[in-house]
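Trainee: Could we go through this model together, one question at a time?
Mentor: Happy to, let's take a look.

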Amino acid sequence: MDFNDTPDEAVFRAQVRDWLETHATRRQRRDEKFGDGLDREAYLAAAKAWQATKAAAGYAAIPWPKEMGGLGGSPAMQVVYAQEEAKFLVPGLIFEVSLGTALPTVAMWGTPEQKARNLAPALKGDHIWCQLFSEPAAGSDLGNVRTRAEKVGDEWVINGQKVWTSGAHNADYGILLARTDWDQPKAKGLTMFILDMKAPGVDVRLIRQATDEPHFNEVFLTDVRIADSARLGPEGQGWKVMLSTLMQERFSLGENFSGDLYDQLVDLAKQAQWGGRPAIEDRCVRAGIADAYIRQFGVDLIVRRGMSAISKGVSPGPEMAAVKLIGARAFQTGGALAVELGGAEGLIAASDLGQQWRMPQMLWISGPGARIAGGTDEIQKNTIAERVLGLPGEIRTDRDVPFRTLEG
Ligand SMILES: Cc1cc2nc3c(=O)[nH]c(=O)nc-3n(C[C@H](O)[C@H](O)[C@H](O)COP(=O)(O)OP(=O)(O)OC[C@H]3O[C@@H](n4cnc5c(N)ncnc54)[C@H](O)[C@@H]3O)c2cc1C
């Protein structure tokens with residue numbers, strides 16, 4: 001296993017770095033963040049403008065074929081780009097679902113017409129997409145989806161509720177998983193659709209989080225009509241389409257967990273005073289920082305292992321579940337240590353303490369969410385147990401019976 005860039009990747013990294021130096025501002029401090037002080041509309045406009053700039057240079061969707069607006073590069077090049085971009089002050093997150101999972105799914109399963117209509121505007125940042133899978137009774141087990149899609153003529157009539165839909169309040173379109181056949185077993189009666197988020201009957205309600213940032217939503221769907229031409233993939237194949245969406249998340253691994261929490265903790269521990277001395281001199285603090293370092297380094301190594309697989313054109317294996325399992329927990333415990341370093345002031349909102357405290361406090365508050373989003377800790381452990389360690393799978397009694405009989 002070779003963790004270094006291949007010669008081609010090294011050339012691409014240098015090219016990307018040059019381009020970013022010209023088109024963006026390099027981050028001067030670790031705690032610097034794009035868009036502080038911008039309201040939602042201004043941030044959205046800046047994010048769209050940055051996306052258009054990237055699209056014009058071919059960096060909006062690096063692995064996509066040129067005829068679809070990409071660069072025709074490898075997934076490894078995409079990860080290289082993300083690693084370099086993370087060093088610059090650019091708007092983040094708005095297009096994470098659009099380009100990370102929703103549009104790749106449209107690219108994979110869409111009809112030529114669906115691709116022609118949807119890919120280019122999303123790449124340029126004109127359209128934002130979201131992912132409507134989870135429901136109040138369907139999260140870890142998406143086979144429980146109860147949102148109903150009934151065929152009426154050449155349309156589908158949708159009724160149901162989705163929840164935890166990231167970015168739905170900004171989204172123009174979404175990919176929607178719904179049940180079209182209640183007599184099939186749970187995973188077999190599902191179909192995927194492209195939903196126009198502005199269609200009559202779509203009611204998006206923002207859920208404000210503990211971080212006080214708007215992130216996700218409840219989405220109520222009442223008699224929403226979707227043309228059959230907006231069905232994504234064959235009827236009854238929604239499970240397969242959904243699995244390919246979730247697979248895309250593995251390719252974003254380089255972006256998410258190669259942060260610099262350890263360095264931030266060292267900085268904060270040098271600044272914080274405990275008993276008249278810098279906190280960095282305290283044995284417990286040093287042990288906590290060492291723990292953060294070990295976890296971060298371990299996660300980085302697994303990410304590099306995934307990168308190495310991607311470089312060879314192979315999909316990263318199920319061991320990538322450990323990245324999220326360990327990484328999300330490391331963020332949470334590292335964030336908790338940072339809050340402790342603040343002493344009594346750790347209880348004060350980070351915005352009142354200074355920018356350098358904001359990031360770790362956000363990590364601490366959003367840590368529990370990170371351990372749930374995209375598959376909970378327990379689901380990651382199941383993956384590692386069954387697919388890495390070869391332990392027997394969970395006993396399932398609901399796999400082969402009609403979904404209708406499972407409804408309580
Ligand atoms: C920040 C964030 C963003 C999100 N964004 C989106 C989005 O954009 N679109 C979307 O569709 N969803 C989104 N989600 C939803 C997310 O995918 C679900 O929350 C997640 O899959 C867990 O589902 P649940 O909340 O229904 O919990 P449940 O599945 O009900 O789980 C409850 C508890 O039971 C445990 N559990 C469940 N099954 C098992 C099992 N088989 N073995 C052991 N333990 C088990 C879980 O680990 C958990 O502790 C988001 C969630 C978060 C936190």
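The questions below go from the chain as a whole to the ligand and its surroundings.

Trainee: How confident is the predictor in the protein chain on average?
Mentor: Good place to begin, since this is a predicted model. Of the residues, 93% score at least 70 in pLDDT. The average pLDDT of the protein chain is 87.

Trainee: Where does pLDDT stay under 50?
Mentor: Look at the stretch that runs up to the start of domain 3, which is assigned to 257-388. The model still has 17 contacts beyond four places in sequence for this stretch. The residues with pLDDT under 50 are 253-258.

Trainee: How far apart do the C-alpha centres of domain 1 and domain 2 lie?
Mentor: The domain assignment places domain 1 at 7-92 and domain 2 at 129-236. Between their C-alpha centres the distance is 30 Å.

Trainee: Which domains each give at least three residues to the shell around the ligand?
Mentor: Start from the elements that each supply at least two shell residues: strand E5 (155-166), strand E9 (214-227) and helix H13 (377-388). The assignment also lists domain 1 (7-92), but the two domains that each supply at least three shell residues are domain 2 (129-236) and domain 3 (257-388).

Trainee: Which class has 11 residues in the shell around the ligand?
Mentor: There are 19 residues around the ligand, with Ser-140, Trp-164, Ser-166, Thr-376 and Glu-378 coming nearest. Six of the shell residues are nonpolar and two are charged. The class with 11 residues is polar.

Trainee: Which residue has a polar side-chain atom 2.6 Å from an oxygen atom of the ligand?
Mentor: Let's sort the contacts by atom. Gln-131 uses a backbone N or O atom, 2.8 Å from a nitrogen atom of the ligand. Ser-166 does use a polar side-chain atom, but it lies 2.7 Å from a ligand nitrogen atom. The oxygen atom of the ligand has its 2.6 Å partner in Thr-376.

Trainee: And how much of the ligand's exposed area does the protein bury?
Mentor: Taken alone, the ligand exposes 970 Å². The protein buries a share of 67%.

Trainee: Which residue in strand E5 has a positive phi near 60°?
Mentor: Most residues other than glycine have a negative phi, so a positive one catches the eye. Asp-223 in strand E9 has a positive phi, near 50°. In strand E5, the residue with phi near 60° is Trp-164.

Conventions. Residues numbered from 1 in each chain as written. Predicted model: local features only at pLDDT ≥ 70, side-chain atom pairs only at ≥ 80, totals over all residues. Heavy atoms only, no water. Domains from an automatic or database assignment. pLDDT = per-residue confidence, 0-100. Contact = heavy atoms within 4.5 Å. Near = heavy atom within 4 Å. Polar contact = N/O pair within 3.5 Å; in protein donor to acceptor, adjacent residues only side chain to side chain. Areas by Shrake-Rupley, 256 points an atom, 1.4 Å probe, with all protein chains shown as cover. Helix = DSSP H or I, 4+ residues; strand = E, 2+ residues; numbered from the N terminus. Nonpolar A, V, L, I, M, F, W, Y, C, P; charged D, E, K, R; others polar.
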